[in-house]
Amino acid sequence: MSEKIKHFPGESLKGRDIREGRVPTIKHRPNVKYLWSAGVAMSRFLEGLKKGKIVGSSCKKCQRIMVPPRAFCEECFRPVDGYTNVKDTGTINTYSVSYVAGDASRIKEPILVAVIDLDGASKGMGILHLLGEIDDWKTIKFGMKVKAVWKLPEERTGTITDIKYFKPME
Amino acid sequence: MREVAIVGVGCTGFKSVTPEISYKEMMFEAATRAYQDAGNINPRKDIDAFISVAEDYWEGFSIFDEFVPDQLGAVLRHLFTVSGDSIIGLATAYMLIKTGYFNTVALESHGKPSDILTLHDIVSFAMDPILNRPLGGHPFYVAGMEMNRFLCTTGNTRDQCAMIVAKNKGNALSNAFAAYGANVDVEDVLNSDMQFYPLKKIEISKPADGGIVIILASDKVATKLNENPVWIKGVGWASETPSLETRCWSKAIYARLAAEMAYKKAGIMTPSVEVDFAEVDDLFSYKELQHMEALKLCRSGEAGKLTEEGITQLDGYLPINPSGGMLGMGWPLEAAGLQRLQEVVLQLRGQAGNRQLSDVEIGVAQSWRGIPTATGAVAVLSNYKG
Ligand SMILES: [Zn+2]
């Protein structure tokens with residue numbers, strides 16, 4: 001339809017016209033800040049990371065070891081029976097190669113992201129993290145064994161980034 | 001036509017801060033109690049649909065809906081979120097059952113304002129960005145302006161508003177769920193800091209963390225789940241214009257229209273005679289008086305006098321906010337409506353402990369979405385199916 005119209009009446013707007021104030025606009029930057037309580041299960045997980053351990057929780061009813069840990073089993077709808085460490089090794093469930101940064105800008109060195117089923121956790125449970133020490137991402141394979149590379153103990157702060165990335169085990 | 005009952009309530013109680021648990025763990029606790037209360041129902045198979053009531057900005061998540069299923073037992077089940085007050089959520093759950101497609105619905109709402117570092121900036125963010133926000137100031141000045149016009153037009157008095165604070169904080173002393181019960185008198189209120197003339201600091205409900213889950217059921221299954229179902233006789237909701245420049249400042253028209261809708265459905269012709277007690281929004285002291293009048297529990301200008309005469313106390317002819325209201329229990333954001341509703345359910349079941357009212361058959365729960373909104377909802381409940 002628009003292809004058939006050679007000339008639209010009026011003056012066309014450019015992004016510049018808005019930026020330079022020729023179009024009335026309103027600007028407001030909200031001050032929204034939160035400090036979420038991590039809670040029972042996540043506090044254990046974060047404290048574990050600080051000590052170089054990955055904590056899961058267990059449900060006797062469905063026999064699952066769940067990572068990340070939770071205070072209740074969402075399948076059985078009951079409180080978990082306990083907390084247990086799982087290994088910091090696992091296999092790649094799925095992965096992607098991101099050429100775009102958080103602000104949508106193009107990046108040269110792609111970010112390798114993967115979901116890793118951790119050893120010691122129930123099937124299909126583990127951690128979403130980065131992959132590292134991989135020269136050519138085309139060598140990444142489904143089911144590939146990987147291991148966590150941790151920050152030095154004194155650098156850990158009890159966050160998911162206390163693990164720097166997972167690297168191939170080879 | 002099928003009837004709808006409340007067959008379960010579960011509540012965590014309300015506290016000023018809850019650093020020990022996450023919002024998910026709080027919701028799990030409320031849900032577990034509600035399912036237990038509804039005949040130990042198993043949500044993984046016995047609940048047909050789930051509704052959570054949440055507002056992204058209060059939670060700090062985009063698309064908060066997605067963070068809800070696990071802790072309600074709703075994984076791989078049928079769930080959606082209502083962004084509004086929790087009595088609007090109740091109306092939605094009620095309609096789901098009325099369709100005939102659902103026999104049991106779980107309704108959840110919670111507030112965790114202690115997780116929000118800039119609560120009042122978020123309220124400010126609800127103000128019109130072109131006309132109001134640039135003027136600055138704390139958005140609760142809207143309540144000061146409304147209180148001023150309401151008192152001037154209706155003849156209710158400043159001191160009568162102070163009596164609301166004393167009554168509600170006093171009622172809250174016998175409510176284990178309440179965060180802010182206290183023995184205060186009118187003198188204490190009048191000596192409190194002036195914050196938004198004529199509104200004093202102690203007349204503003206303080207934020208509180210807590211969660212509530214309510215289980216609704218059709219008459220087909222209600223009595224199997226709970227031998228004392230509380231029947232929903234009517235629900236209503238309404239919005240006035242959001243415009244602060246042109247809205248009515250003396251009356252809560254949104255609450256009047258919501259009440260008329262709910263009363264009509266419930267077959268209530270003379271609310272002042274037929275309603276035994278009410279839980280109304282008291283985010284600010286004067287709102288209790290304004291909402292009583294909007295709900296036709298008395299004539300315009302009479303609410304203050306009824307308060308002064310003790311008619312609205314626990315042993316009065318028309319108890320208002322026996323729970324302690326939000327002045328006594330705390331302001332749990334969008335869960336405010338369910339906080340009101342829960343008390344109506346407990347009273348109608350005869351489970352309100354020390355604050356139990358005698359011979360109550362019809363109770364009303366009313367909510368308001370707070371500053372700067374002009375939206376409210378009303379539910380009429382009874383322990384008689386009728
Ligand atoms: Zn389980």
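Biologist: Which residue does B:Arg340 form a salt bridge with, and how far apart are the closest N and O atoms?
Modeller: B:Arg340 pairs with B:Glu279, and the closest N and O atoms are 2.9 Å apart. Keep in mind that this is a predicted model.

Biologist: Where do those two lie in chain B?
Modeller: B:Arg340 is in helix α16 and B:Glu279 is in strand β9 (residues 277-279), so the salt bridge ties together parts that are 61 residues apart in sequence.

Biologist: Is B:Arg340 buried or exposed? And B:Glu279, buried or exposed?
Modeller: B:Arg340 has a relative accessible area of 1%, so it counts as buried. B:Glu279 is at 0%, so it is buried as well.

Biologist: What about B:Arg369, which side chain does it meet in a salt bridge?
Modeller: That of B:Glu55, at 3.9 Å from N to O. B:Arg369 lies in the loop between β10 and β11, and B:Glu55 in the loop between β2 (49-53) and α3 (56-59), so this pair ties together parts that are 314 residues apart in sequence. B:Arg369 is partly exposed, because its relative accessible area is 28%.

Biologist: How many salt bridges are there over all chains?
Modeller: The count comes to 23. One of them, in chain A, is between A:Glu74 and A:Arg64, at 3.4 Å from N to O. A:Glu74 lies in the loop between β3 and β4 (78-79) and A:Arg64 in strand β2, so the pair ties together parts that are 10 residues apart in sequence. Both residues are buried.

Biologist: Which residues do salt bridges with shared partners join into one network?
Modeller: A:Asp17, A:Glu20 and A:Arg22.

Biologist: Switching to the overall fold. How many helices and strands does chain A have?
Modeller: Two helices and 10 strands. Along the sequence both helices come before the strands. The radius of gyration is 24 Å, well over the 15 Å that the globule rule gives for 170 residues, so chain A is more spread out than a compact globule. Its C-alpha atoms fill a box of roughly 70 × 40 × 40 Å along the principal axes.

Biologist: And chain B, how many helices and strands?
Modeller: Chain B has 16 helices and 11 strands. A compact globule of 386 residues would have a radius of gyration near 21 Å, and chain B agrees with that at 19 Å. The box for its C-alpha atoms is roughly 55 × 45 × 35 Å.

Biologist: What share of chain A is buried? What share of chain B?
Modeller: In chain A, 35% of the 170 residues count as buried. In chain B, buried residues make up 62% of the 386.

Biologist: Backbone next. Where are there cis peptide bonds?
Modeller: One joins A:Val67 and A:Pro68, with omega about -5°. A:Pro68 sits in the loop between β2 (64-66) and β3 (72-73) of chain A. Another joins B:Ile371 and B:Pro372, with omega about 0°. B:Pro372 is in the loop between β10 (362-368) and β11 (375-382) of chain B.

Biologist: Why point those out?
Modeller: Because most peptide bonds are trans.

Biologist: Which residues other than glycine have a positive phi?
Modeller: B:Asn40 and B:Leu333 are among them, with phi near 55° for B:Asn40 and near 55° for B:Leu333. B:Asn40 lies in the loop between α1 (23-37) and α2 (43-46), and B:Leu333 in the loop between α15 (325-329) and α16 (336-349). B:Asn40 is exposed, with a relative accessible area of 54%, whereas B:Leu333 is buried, with 5%.

Biologist: Now the surface. Which residues form the nonpolar patch with about 300 Å² of accessible area?
Modeller: A:Ile26, B:Ile130 and B:Leu131. B:Ile130 is in the loop between α6 (119-124) and α7 (141-154) of chain B, and it is exposed at 55%.

Biologist: Which residues form the negative patch?
Modeller: B:Asp159, B:Asp185, B:Glu187, B:Asp188, B:Glu308 and B:Glu309. B:Asp159 lies in helix α8 (residues 158-172) and counts as partly exposed, at 37% relative accessibility.

Biologist: Last one: B:Asp85, buried or exposed?
Modeller: Buried, at 2% relative accessibility. B:Asp85 is in the loop between β3 (79-82) and α5 (86-98). Its C-alpha atom is 10.0 Å from that of B:Trp237, a residue 152 positions away along the chain.

Terms used
Residues are numbered from 1 along each chain as its sequence is written. Chains are lettered from A and ligands numbered from 1 in the order in which they are written. This is a predicted model: local features need pLDDT of at least 70, side-chain atom pairs count only at pLDDT 80 or more; totals for chains, interfaces and linings use all residues. Side-chain values use heavy atoms; hydrogens and water are left out. Patches are made of residues with over 30% relative accessible area and no salt bridge: like charges are joined within 9 Å, nonpolar side chains (Val, Leu, Ile, Met, Phe, Trp, Tyr) within 5 Å. Accessible areas come from the Shrake-Rupley method with a 1.4 Å probe; for residues, only the protein chains shown count as cover. A salt bridge is a side-chain nitrogen of Lys or Arg within 4 Å of a carboxyl oxygen of Asp or Glu. Lys and Arg count as positive and Asp and Glu as negative; His and the chain ends are not counted. The place of a charge is taken as NZ of Lys, CZ of Arg, CG of Asp or CD of Glu. Helices (H or I, at least four residues) and strands (E, at least two) are DSSP runs, numbered from the N terminus. Buried means under 20% relative accessible area, exposed over 50%, partly exposed in between (1.4 Å probe, protein chains only). The radius of gyration is taken over C-alpha atoms; the globule rule is 2.2 Å times the number of residues to the power 0.38.
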